[in-house]
Amino acid sequence: MDLDGSEQDPEMKEYSSVYVGREEDIKKSERMTAVVHDREVVIFYHKGEYHAMDIRCYHSGGPLHLGDIEDFDGRPCIVCPWHKYKITLATGEGLYQSINPRDPSAKPKWCSKGVKQRIHTVTVDNGNIYVTLSNEPFKCDSDFYATGDFKVIRSSF
């Protein structure tokens, strides 16, 4: 039991913004990786908007920074290079194609599995890019791969 309150529930933690790079650099490469408060993230620049999410795919920990961005049903998604899972850049939802098995002539439609990938806030100030980690209080499937043994980018601590 923690009587002094020094240990917070990690989902309720307040995070400060962390500088991750220059706007001109990410506009050239359209993506960058960073460690923000000991959490690995990937930041995308796509069609004039910035998006940040956990670097490892919620499914098996695939390297999302190596995936392609494609539109599915009008939603830009990162496609995991390992198993082709589709994750929306804006919300972190996993998408899949569904078909009605009772209607053989039905067209498949894109449906949401719900939020699977934790997304984070990107802000730009005077050409500098900052990421603020999400403090949403729900468990997210990508949380499993975001810490511990699955980390790729090691902190200098």
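**Warm-up: the surface**

Work out how much area the protein chain exposes and what share carbon and sulfur atoms supply.

Solution. The protein chain exposes about 9400 Å², and carbon and sulfur atoms supply 49% of it; areas come from the Shrake-Rupley method with a 1.4 Å probe, and for residues only the protein chains shown count as cover. Before going on, note that this is a predicted model, where local features need pLDDT of at least 70, side-chain atom pairs count only at pLDDT 80 or more, and totals for chains, interfaces and linings use all residues. Residues are numbered from 1 along each chain as its sequence is written, and side-chain values use heavy atoms, with hydrogens and water left out.

**Exercise: two tyrosine pairs**

Classify the ring pairs Tyr19–Tyr130 and Tyr45–Tyr50, then compare their burial.

Solution. Step one is the rule: rings of Phe, Tyr and Trp (its six-membered ring) pair if their centres lie within 6.5 Å; planes under 30 degrees apart count as stacked, over 60 as edge-to-face and the rest as tilted. By this rule there are five aromatic pairs. Step two: Tyr19 and Tyr130 lie 5.9 Å centre to centre with 70 degrees between the planes, an edge-to-face pair. Tyr19 belongs to strand β1 (residues 18-22) and Tyr130 to strand β11, 111 residues apart; strands are DSSP runs (E, at least two residues), numbered from the N terminus. Step three: the centres of Tyr45 and Tyr50 are 4.9 Å apart and their planes stand at 50 degrees, so this pair is tilted.

Step four is burial: buried means under 20% relative accessible area, exposed over 50%, partly exposed in between (1.4 Å probe, protein chains only). Tyr19, at 42%, is partly exposed, and so is Tyr130, at 22%. Tyr45 is buried at 18%, and Tyr50 is buried at 18%.

Terms used:
Helices (H or I, at least four residues) and strands (E, at least two) are DSSP runs, numbered from the N terminus.
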